[in-house]
Amino acid sequence: MSRFLLKRFGLAVITLFLLSVIVFAASQLLPGNLGRNILGPFASRQDVAQYNHAHGVDRPVVDQYWTWISHFVRGNLGQSLQYNVSVGSLLGPSLVNSLKLAALAFVLVVPISILGGVVAALRRGRATDRVITVVGLSLTSIPEFVTAIVFIVIFGVLLKWLPVGAAWPTGAGFFTQIKHLLLPSFALVAVLFGYIARITRAGMIEALDADYARTAYLKGLPAARVIFRHVLRNALLPTIAVIATQTGYLIGGLLVIEKLFNYNGIGQRIYVAAQNKDFTMLQSGVMIVGLVYLSATLVADILYSVLNPRIRYGGAD
Amino acid sequence: MNRKSMREADELRRLAGPIEGNVIDELVDGEMDRSTFIKRASVAGLSFASIGTILEAFGHPGIAHAAVAAGKAGGRLRLGIIPGPARDLEPSAFADHGTLATGSICGEFLTRSRQNLTLAPELATSWKSNADGTQWAFNIRKGVKFANGQPLTAADVVATYKRLTDPNGGSSALSAFKGLLGPGGIKAVGDHTVVFYLQAASASFPYLTSNTTYQAIILPANYQMGTFSKTPQTTGPFVMTSYTPGVGAKFDRNPNWWNGPALLDGVDVTYYSDNAAVDAALLGGQLDLISQVNYSSDRPLFHNGNVVIFSTSGAPHRQIAMLVQTAAANPALKDYRVRQAIALAFDRDTAVKQLLGGYGDVGNDSPFAPVYPSTDKSVPQRHQDLAAAKKLLQQSGHGRGFSVTLTTEKFQEIPQLAQLLAANAKKIGVNIKLNIITSDAYYGGTYSGGATGRGTTPWLNSPMDITDWGHRSVPNVVLTSAVHSGGVWNEADYSSKVVDKAIADYEAALSLKDQRKYAKIIETQMLHDSPYIFPYFFKWTQAGSKRVKGFKADAIGTQALGKVSLG
Amino acid sequence: MAASLTAAQPSRSEASLARLETVLQLLRSKTFIAGNVVVLWWIFWALTGSRFTPHDPLAQNPLEILKGPGAGHWFGTDQAGRDVLSRVLAGARDTLEVAPLATLIGVVGGTTIGLVMGYFGGLVDEGLGRVIDAFLALPLIVIAVTALVAVGHSKWTLIVVIGAVFSPIIGRTVRAAVLGERQLEYVQAAKLRGEKPPYIMFVEILPNVVGPIIVEGTVRLGYAIFAVAGLTFLGFGVQPPAPDWSLQISDNYALLNASNYEWTVLFPGLAIASVVVAVNLIADGLQQVLDR
């Protein structure tokens, strides 16, 4: 087990290094001259050269990469070019916000969709199954911005049940924060429900059809016990993998939702940084999103192996 | 006309400086109506009391001293600013709505341009020019304190204006003061007088000290650039207590406000980037006021019984430019008759009605907006005339039509304006192809160099384009930068000796009579040459809930909330 | 007679029989047929553009602004007085141009990556696998937004960017399929014959992994439509006045706050959903038949 963990961890570190190279290389691709972009078209050539020198973009690329990554590792994310304050002070709260929204969305969607998938699998081919499948497919097929808009109009503007903005007033307590996050979470639940339920249903059906389940039934074990002890455990394996891959989407990939609900999440920060060519913020923001995703998949991997002894000893892939 | 006020007016006339004298004379000569007189006199530095006296003396109704209904004190106003600041909050570098709207909640100016383009005293109590309008002396209000208790003196004003006019300080106000005021021309006389020594005569200089130059927030002499968002020292009704880029800001009542205290306990600002989100927040009861709304992007707020629209006439506008010469120009558009034909084909009345919901005034293809006192309104208004347009096309040899590409930005109603123009032009056989790009791309690229000397930026190098222009209290900046042949923002590459000369004369003219004379020359010549279509001038619109009392929108977008209350 | 023919060309007729069988199975699949009917409907409108639409999708009518659905305008009109039905129909072109092309690029790139990884294995596989992992740690929309800001956005950048992001994803699926083929006799035989790796990969292996590639490609097409919709909504991609569906939504959704005018958003939204559902149905049908 510890060898497996060590290997997984080592691979994650290598992936992380590659990610940092990709992120850095991509931001080098952004065209034009940093000083010119920031100072504007009317700035003199000397000013631009001076700015570039001050920000070190006239140094060799490897040098720049090293400076960036060594600072990043130590938690120094540099100054935002756009706002002239430290990037960490901006991205920190945004990341926390994103994690809060993702957490609530998960707490809502995981039980609902697993339940949906399990019920659909148990009622395979019957009306319940059809309804769950069709509802899931329809919700998943409508872009999240359409669902979000519909929710805002119905629950926020017409009925006024829930606040339309996800940002809560400063100093708001736990429940107020949840109240503000409910609408955007609903939109995310709508998008993810069909997907997770579908994977769960497929996993369930496979597990129900598997020999061990049949054997257990034939041994005369009660159905509930078979389902909970044997089937679910195996059926949920693919679901765990799917949920882990959705973390990337939920943290960083939500810029449409964050924009619609005026939420200061990390996706919104990245989007604004990209638009305003705020390189330092963009690099660190993207890197953090990658970091969170890789951590989530690592955790999922470990969880997967704990639940599935075959993987634990057989090595990955 | 009673004798007492007649005598007082005469007295004022004698005491008045030459510019004020001109203004009074024009009123007497019947060349100015009452409202124009008030505008002009206030710029020249006559106090409102004097203006009232003069008006009464000459048989006009005086200025009603509308009793300001005392609003209910208390509460925090929730203001949505859209879009939020795109840059660091540094007053001298303010260049976008988010920064200026935020800064204006706590910051104050020497003077304030009011809704009807009259100029009111703020941190200056009075101002006066020398005989030829090259020196302006401003008396600074006594007893004003910055948030930290430090008193306001002339030295603070001098330091602020030196920062704004420093050619190497990254100031965004440089273009406004260019050719008019440099750091060497700002001098303190004693503790409470500042004299501006101008490089050229200007009758309208006081406007530049108002919120029109939104960078000109008076800051302490020892202010360090770049510290505004952390330790802001301002004189206004509120003090900024926290600021989070891209998220929001908080303001508390300034106990030391000279004109106060403010009715509100404070202001909570949230930044938005999405119109629907900010509209929903107002309609959903999470906001009290929105910093700017636009009929095309915030339509649900208009004609809504629960929403109050605060509006004021102004000069923000769009300019449809047709490149008249350079290599990039469309061959057909080099002919003034073709440009006239397109201007005549355009249905500006429909544009105002449909795109602005009526919140605007039609333009007459020059920067002279109806709201400016110097505009000569005797110049005939251009309306859609398809027959005349077709005839002009025939005469120019393009009777069978031609194609041209119009490049513009995806910003507010501009794409719709472009589509309306294209639909109108089609009726006379001109095929306008649209290339609609983001504002970033539209204003991107270089502004000088290259084959034409105009760089690569789309907005200076497209055969046709539409550009958004902000409000100006006087048309001077638009005239010198977009119409004058040497202008840096001359999108049409327009060059007319007649107009160049008239612009110089206009700027030097001190009397309204002379200004109108040159305005007429410019208006007439621009109608003939038609390098630009000025489709309309906007009213500035903001939206709020019915609870917001005592708020007056201004055309620049500054948010003056000192006298606002929540009912 | 029949016997001799069969004897003469045994493999080909067997293969064509198998293919016929596959097609028949597909034609028996209700989901596959339903999906195709919807997609064909939209392809028809994509091809004909504005030729058969009741109104010109770009024609503005200042006198008929925001008219509700009714006679003359079945889906109502938008803020510029344009016919929403015509815009929804003509809008098929933008969606059906960008998403499939992007998917195609992803399929071509992914197939190449997958063949190389699966065929060579070892360090090549491991190395590329790490890079792909690193790349896929970022949400599609983040990569796309950054790239679009960097390169400047146009329809073609959008297509290439989404295609580039899809390549490694599809590459993984193809790799898995190739791994299964690598040890099979025909590959070993080709190696023994001294065939060059590109020949073995593209001529010998590729035809045998076409099934999974088609299924994966169809699934990706659904995601591509989604990604294009999201990016267009954010202002990248097709620009106004094009009648693109997402563009219609982003132009009009602020109107919903007035709690009417919902037709300006509802119909383009349903159009997107119908295509995504249809593509998913096709993918399901293909999966059931081809993955066996």
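This report walks through a predicted model, chain by chain and then contact by contact.

## Chain A

Let's start with chain A, which is helical: 14 helices and zero strands. Read from the N terminus on, its elements simply go α-α-α-α-α-α-α-α-α-α-α-α-α-α. If you want a feel for the dimensions, the C-alpha atoms of chain A fill a box of roughly 85 × 55 × 35 Å along the principal axes.

Of the 317 residues in chain A, 42% are buried. As for contacts in chain A with a sequence separation of 6 or more, 68% of them involve residues 24 or more positions apart.

## Chain B and its confidence

Chain B mixes both kinds of element, with 18 helices and 20 strands. It has 567 residues, and buried ones make up 55% of them. Take the contacts in chain B between residues at least 6 apart in sequence, and 69% join residues at least 24 apart.

On confidence, chain B averages a pLDDT of 86, with 88% of the residues scoring at least 70. Among its elements, helix α1 (residues 3-15) of chain B has the lowest mean pLDDT, 48, while strand β17 (residues 532-533) of chain B has the highest, 97. Within that helix range, residues 9-15 of chain B have a pLDDT below 50, and the stretch has eight contacts in the model beyond near neighbours in sequence. Another stretch to know about is residues 61-68 of chain B, where pLDDT stays under 50. For that one, the model has nine contacts beyond four places in sequence.

## A four-strand sheet in chain B

One open sheet in chain B has four strands in the order β4-β5-β7-β6, with antiparallel pairing. Its edge strands are β4 (124-129) and β6 (186-188) of chain B, each of which pairs on one side only. On average, neighbouring strands of this sheet are turned by 20 degrees against each other, direction ignored.

Zoom in on one pair: β4(B) and strand β5 (residues 135-140) of chain B are antiparallel, paired over five bridges. There, B:Ser129 stands opposite B:Trp136 in β5(B). A helix also packs on this sheet, namely α6 (residues 154-165) of chain B, which touches β5, β6 and β7 (193-197) of chain B. The direction of α6(B) makes about 170 degrees with that of β6(B).

## Parallel pairing around β14(B)

Further along chain B the pairing is parallel: strand β14 (residues 402-409) is joined to strand β15 (residues 430-437) by eight bridges. One of the partnerships is B:Glu409 with B:Ile437 in β15(B). Add helix α13 (residues 414-426) of chain B, and β14(B), α13(B) and β15(B) make a right-handed β-α-β unit.

β14(B) also pairs with strand β16 (residues 464-469) of chain B, again in the parallel sense, over three bridges. Here B:Thr407 stands opposite B:Asp465 in β16(B).

## A closer look at B:Gly226

B:Gly226 lies in the loop between α8 (205-208) and β8 (238-244) of chain B. Is this glycine, B:Gly226, buried or partly exposed? B:Gly226 is partly exposed, because 13 other C-beta atoms lie within 10 Å, while a residue needs 20 or more to be buried and 12 or fewer to be exposed.

Leaving aside neighbours within four places in sequence, B:Gly226 is in contact with B:Asp88, B:Glu90 and, across in the other chain, A:Asn84. The link to B:Glu90 spans 136 residues along the chain, yet the two C-alpha atoms are separated by 5.8 Å.

## Where the chains meet

Between chains A and C, the contact takes 36 residues from chain A and 32 residues from chain C. On the chain A side, the elements giving two or more residues are α1 (2-29), α6 (127-141), α7 (144-158), α10 (223-250), α11 (255-260), α12 (266-275) and α13 (279-307) of chain A. The largest share, seven residues, comes from α1(A). By residue type, this side of chain A divides into 28 nonpolar, eight polar and no charged.

Between chains A and B, the contact takes 24 residues from chain A and 21 residues from chain B. The elements of chain A that give two or more residues to this side are α7, α11 and α12. The chain A residues touching chain B divide into 13 nonpolar, eight polar and three charged.

Note on methods: Residues are numbered from 1 along each chain as its sequence is written. Chains are lettered from A and ligands numbered from 1 in the order in which they are written. This is a predicted model: local features need pLDDT of at least 70, side-chain atom pairs count only at pLDDT 80 or more; totals for chains, interfaces and linings use all residues. Two residues are in contact if their C-beta atoms, placed from the backbone, lie within 7 Å. Ala, Val, Leu, Ile, Met, Phe, Trp, Tyr, Cys and Pro count as nonpolar, Asp, Glu, Lys and Arg as charged, and the others, Gly among them, as polar. Two strands pair if DSSP finds at least two bridges between them. A crossover is right-handed if, with the strands pointing away from the viewer, the path from the first strand over the helix to the second runs clockwise. pLDDT is the predictor's confidence in each residue, from 0 to 100. Axes are lines fitted to C-alpha atoms, for helices over the stretch in contact, and angles run from 0 to 180 degrees between N-to-C directions.
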